[in-house]
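Morning, everyone. I have one structure to walk you through today, and I will keep it brisk. Please have the sequence and the model in view.

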Amino acid sequence: MQKLKQANLYRSELIPISGKLVERYNQCLQKLGFTPTKLTSFSIDGIGYSPEIAEEKGTTMYLNNGEANPHAIIISPLQKGKPVYSEFHSFDREMMKQVFQVHGHKINDITRDSAICIDFDQDIDAFYEPLDVLKYNKVYIKFHLVNNLDKLQKEQQQLIDAFRQGNNFIDEDLHAQLLASAKAHGDLRGRDLSLHSLQYQTDSFYTKSFGGVYVLRDFISPIVVFEDEKWYKEAIKDTVHDVTIYHIEQSELMDKLRDHVIIEHDLEEALNTTRYLRVKKMEFAMALKDTQHPLRDILNDAVLFKSYLNKLDIDTRKRVMGVELYLDKIEVSNQYKIADIVDVNLFNALHIPHSSLTAKHQDLIWKLLINVSPRDVLFLYWYDKEEFYKQYSTWEDSFKDWVIETISNNI
């Protein structure tokens, strides 16, 4: 990943944590029922997730008490607006945005000497069946301070109130209690440590529960898409819920999304886009083996591109150039079908979210499309960084160079 780091494309916006902040982070972990980290320094994202701690604990879901109970940790106001690198839900960043919009000023104050644990409570204690994800409605965002600083504030205020009554100002025991509280926690009188709960209303979303599930319920009829075949097979046994269920690799899924006006395609229009070039070049690169020239040069040089294209067998050549071939043929006759000429993965990769969708829903559908057919390295990086990093580690070095160049030129 060193090349990505040098290009600021690998977790470049993480916040470094060390010293006293490590102690506070561990206090949050323990308050939430988790074991503390043994690391003395690490980095966190906008939701308090640390890739280093995830590696230490062997799971990216170390901030979850079961799949139905995710949490967050705030130990720095610098987390405001930062990316969420391992989203458990597609709306995690939106929830954190709401948290900082409402409580930003208080967070600045509290994190001077404390930390905040967040419980994302959707009134579901645990999942038992894959379609339990349909129970998502409102998420109640609840806050807890480490060391119960808010309760200590109330206790300090009670001591002050007692001090002001009658002749208590000469009570030496009361003096000692006030001094001990002030030394341990500072003067808490003027601080606003009250963080009232917030609500977030879910609509369509993605969750990592059950191996990854898309819940699309803002369209003609509810659609649930499973990434994990095991949980898909379990879900289709359900006879209670009135939903349409798909596995992400089913060809019928794309038909359904088109029928429900969730996605659309226009190959002629796509042909003139840089996105199509990225998709075609990735398809081409994956077909090349043992080249004399670096893949980066082949993909960037028109002469080398044609040279290596002509070295491929005819079936592979047709797969790479299928869109151009199809558009050429339908100029002569409309008897040709897309499926007969254009490779299905290439065709799926050229779909886009329908123009009628809201920006939030477009982002969700982009994530779904890029997981159906991960042929666009830029959009894979934008919409599913975890999958991007996983695939990146398998690529040839000169192809990695092209990928980094492609992404860097579009940021």
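**Two loops, then the spaces**

R11 counts as partly exposed, because its relative accessibility is 28%, which falls between the 20% and 50% cut-offs. Keep in mind that this is a predicted model.

Where is R11 found? In the loop between α1, residues 2-6, and β1, residues 15-18. Look at the backbone there. R11 has a phi near 50 degrees. That is a positive value, and R11 is not a glycine.

There is another residue to look at for phi. F210 is not a glycine, and its phi is positive, about 55 degrees. F210 also sits in a loop, this one between β7, residues 205-207, and β8, residues 213-216. Is F210 buried or exposed? F210 is buried, because its relative accessible area is 5%, under the 20% cut-off.

Now step back to the whole chain. The protein has 411 residues, and 50% of them count as buried. The secondary structure comes to 20 helices and 12 strands. The accessible surface is about 20,900 Å². Carbon and sulfur atoms hold 47% of that surface. Then the contacts. Take those with a separation of 6 or more: 64% of them join residues 24 or more positions apart.

Next, Q79. This residue lies in the loop between β3, residues 71-74, and α4. Q79 counts as buried, because its relative accessibility is 1%. What does the side chain of Q79 reach? One target is the backbone nitrogen of I75, at 2.8 Å. Another is the backbone oxygen of D45, at 3.5 Å. Leave aside the neighbours within four places in sequence, and Q79 is in contact with I15, I44, D45, G46, I47, G48, I73, I74 and F100. So D45 turns up twice, as a polar partner and in the contact list, because a pair within 3.5 Å is also within the 4.5 Å contact limit.

Stay with α4 for a moment. N108 is in that helix. N108 counts as partly exposed, because its relative accessibility is 42%. Now find P77. It is 31 residues from N108 along the chain, yet their C-alpha atoms are separated by 5.5 Å.

On to the empty spaces. Rolling a probe the size of a water molecule over the atoms shows where empty space is left.

Start with the largest pocket. How much space lies in it? About 1,300 Å³. Its lining has 46 residues. V84, E87, W382, Y383 and D384 lie nearest the centre. Five elements are named as giving two or more residues to that lining: α4 (92-110), β6 (198-201), α17 (359-372), α18 (377-383) and α19 (385-392). Which element gives the largest share? That is α4, with 6 residues. By class, the pocket lining divides into 14 nonpolar, 14 polar and 18 charged residues.

Then the cavities. How many of 30 Å³ or more does a search of the whole structure find? The answer is 2. The largest cavity has a volume of about 140 Å³. It is lined by 16 residues, and L63, N64, H71, S86 and F88 are the closest to its centre. The lining of the largest cavity has 8 nonpolar, 5 polar and 3 charged residues.

The second largest cavity has a volume of about 50 Å³. Here is its lining: R275, N348, A349, H351, W366, L369, I370, S373, R375 and D376. Both α16, residues 344-349, and α17 supply at least two of the lining residues. The largest share comes from α17, with 3 residues. By class, the second largest cavity has a lining of 4 nonpolar, 3 polar and 3 charged residues. So α17 serves two spaces, because it gives two or more residues to the lining of the largest pocket and also helps line the second largest cavity.

Last stop, E324. You will find it in helix α14, residues 322-332. Why does E324 count as buried? Because its relative accessible area is 17%, and the cut-off is under 20%. The side chain of E324 makes a polar contact with the side chain of K280, at 3.0 Å. Not counting residues up to four places away in sequence, E324 touches L271, Y276 and K280.

That is the tour.

Technical notes. Residues are numbered from 1 along each chain as its sequence is written. This is a predicted model: local features need pLDDT of at least 70, side-chain atom pairs count only at pLDDT 80 or more; totals for chains, interfaces and linings use all residues. Side-chain values use heavy atoms; hydrogens and water are left out. Helices (H or I, at least four residues) and strands (E, at least two) are DSSP runs, numbered from the N terminus. Buried means under 20% relative accessible area, exposed over 50%, partly exposed in between (1.4 Å probe, protein chains only). Accessible areas come from the Shrake-Rupley method with a 1.4 Å probe; for residues, only the protein chains shown count as cover. A polar contact is a pair of N or O atoms within 3.5 Å; within protein, one must be able to donate a hydrogen and the other to accept it, and residues adjacent in sequence count only if both atoms are side-chain atoms. On a 1 Å grid over the protein atoms alone, a cavity is a set of points where a 1.4 Å probe fits but cannot get out, and a pocket is an open set with protein on both sides within 12 Å along at least five of seven lines; lining residues have an atom within 4 Å of a point. Grid points are joined across faces, edges and corners, and a volume is the space filled by probe spheres set on the points. Ala, Val, Leu, Ile, Met, Phe, Trp, Tyr, Cys and Pro count as nonpolar, Asp, Glu, Lys and Arg as charged, and the others, Gly among them, as polar.
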